[in-house]
Amino acid sequence: MRFEKSWIIVRKEFSEFRKNKYILYSLFLMPIIMSVVLPVVYLVPISTFATPPADHPLELGINIVQEIQGGNQSNSSVENIRFHNTNIENVIANKCEFFNCTIVMSVVKNSNLTSSTITGSVVEHSNIQSSTTIDTNAPGSLFLGSESESEKYLLLIINSLLMFFVLIPAIIPTVIASYSFVGEKLNKSLEPLLATPTTDTELLAGKTLAIFIPSVLVTWISLLPAVIIVDLVTYPILGYYILPNMIWILGVFFVAPLFCILSVLVNVIVSARVSDVRTSQQIGSIVVLPAIAFFIVALAGVVVLNEFYMLLFGTAILIVDLIVFFISLRVFQREEILVKWK
Amino acid sequence: MIEAQHLGRVFDGTVAVEDVSFSIKDGEAFAFLGPNGAGKTTTVRMLCCLISATHGTGFIDGLDISEKNNHIKIRSMIGLLPENPGMYESLSAHRNLDFYARLYGVPEREREARISAMLKRLGIFDRRNDAVGKFSKGMKQKIAIARALMHEPSYIFLDEPTAALDPEAAITVRNFLLELKKEGRTIFLNTHNLDEAQRVCDRIGVLKTRLLATGAPDDLATRFFGRSTIVHLKVANPEFLPAIRNLPGVLDARLDDKNILLSLVDPVEQNPAIISALVLKGAQIEYVQEVKHGLEDIYLKLMGGSK
């Protein structure tokens, strides 16, 4: 394969893209929406109501007078008691300490809670350390060494933002490829192109690269504002810069380009069978479904969105890419294009 | 030389081209005539290595089109003007030609000069930076021709180059083809336009899935109609016919109004004897005329129609 021939096609495609307003819209507007608008819309409201992190625990003036080990405590009002491994339900507690306790439907004030699980309760002006809170409000409390509800939401939203960064390079090719392949077919400009001394592979590589390069490039460029916005908005709550992290790096630099290739190749196959740009875009869009499915599964907690699963997901897409590549090579042949492309 | 040897193509059981054989010498202009669906475009596509032949083969400059290894080399030697100009309409005329010049491997130092020369020759240099989408059909066709010639190919295939053009644009294109012919390029022309074929081409081939006939237009006329003479009389009389029917070299003689239509082996040889015989019979001859059969007559005869 002569790369210089493919590069001539890439440059010609770029010249055409610059003149096509729909391609320009998709190359500029979509990344702006996903890298600027969505992070702001999703993260700012949550961060406004989120509890800030704390380095030092609150001074609570607790004076322990009794210690309870194990057992159950329910339907009572308690003060200045230290609980260990106790199940607490429907209790009003003030100035107490809880270690490895399970607290349900209770009101806890001015207390220290350590390694406990708190469900359906209110924890007011207390230190919550290494504990899990479920459906619990914690006004004026500090979270020490654990994730607050708002932190959990933030992490969830940040992970869902990653989904968009995998989707951008899959969606943009559906627009560009439809014009590149179906447009060329409608314009009847394929035959003179096929009559040139180039191979089918050089033509396909040129067209694929012309779509791949801008799609991935705008994704990578739009990562920068997204990272800045996410970090600026979440730092006051999390106390650290969450992006970039390895999951995002794998998502944006490994999974996203593979998805982009898949999208281009699927669109080559779709273009062979349709004769309308809109139809090509609609059918080609199905390529985003696996990415959406993966992130829904991850965000629903079925699998943990970590480096391993990102690598696994990327590898699966790589295998699909290879299969689709060989199919598209069969579809993108002079004979097929001139005889069977409708 | 362009050569087809028993070339054939079947699409899903439908025979598009069957057993077509011909050869075109270097520097010759050859036209393929035939109705829509006759297989003209399919033949050109096979010869340009765009689609494969299901039967037979062809040769371009001695290179076998059925050998895949030859395809790049063959395509670099030919210029193809497809039925539709197929330009990149958002790009300028210059950018369109520059793209193809690069793909055809025109050296960088020659590229610009060649594009400018071609645009000047076709009279569109002043609009070289305009988007092709703004051009008329005729101008697009000119650029498409320029595109096919960017690499100065020895063999030029033109598929209906003047179809859908207004008469003025068609004349410009046709004159350009004549210039190419003068330059000694080998031209293969697919056309419906019989006049165009006759003006531009040395030989024609009539195709209707199978190749029905090939040859120079005059030779084909002689082959299918013989050579004919019309004798215009002042007064017609059926008794004149027996006097000339038996003369040597007369194949047929019949009366049509005041004219006698004669089919002859060689009019130059036989005309004096015929005229003498008619005068002896008392005929008053106004004038004698040779009948010329054009491509239209040949085409319609081959297609089974009538004028």
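I looked up A:Asn159 first and found it in helix 3 of chain A, residues 149-186. Helices here are DSSP runs of H or I, at least four residues, numbered from the N terminus. The model is predicted: local features need pLDDT of at least 70, side-chain atom pairs count only at pLDDT 80 or more, and totals for chains, interfaces and linings use all residues. Residues are numbered from 1 along each chain as written, chains are lettered from A in the order written, and side-chain values use heavy atoms, without hydrogens and water.

Is A:Asn159 buried or exposed? I noted 19% relative accessibility, so A:Asn159 counts as buried (under 20% relative accessible area, 1.4 Å probe, protein chains only). Leaving out residues up to four places away in sequence, A:Asn159 touches A:Phe295, A:Leu299 and A:Leu305 (heavy atoms within 4.5 Å). I also checked A:Ile247: it is 88 residues from A:Asn159 in sequence, and 8.7 Å away, C-alpha to C-alpha.

Next I turned to the cores. The largest nonpolar core holds 119 residues (buried Ala, Val, Leu, Ile, Met, Phe, Trp, Tyr and Cys joined through side-chain atoms within 4.5 Å). Helix 3 of chain A gives the most to this core, 20 residues. B:Phe22, B:Ile60, B:Phe157 and B:Phe188 have the most contacts inside the core. Beyond four places in sequence, the contacts of B:Phe188 include B:Ile2, B:Phe30 and B:Leu47. Another core, of 49 residues, lies apart; B:Met87 and B:Met139 are among them.

Last came helix 7 of chain A, residues 277-284. I listed its buried residues as A:Val277, A:Ser280, A:Gln281 and A:Gly284. Seen down the axis, they fall within an arc of 100°, so they line one face of the helix. The arc uses directions from the helix axis to the C-beta atoms.

Conventions. Helices (H or I, at least four residues) and strands (E, at least two) are DSSP runs, numbered from the N terminus. Buried means under 20% relative accessible area, exposed over 50%, partly exposed in between (1.4 Å probe, protein chains only).
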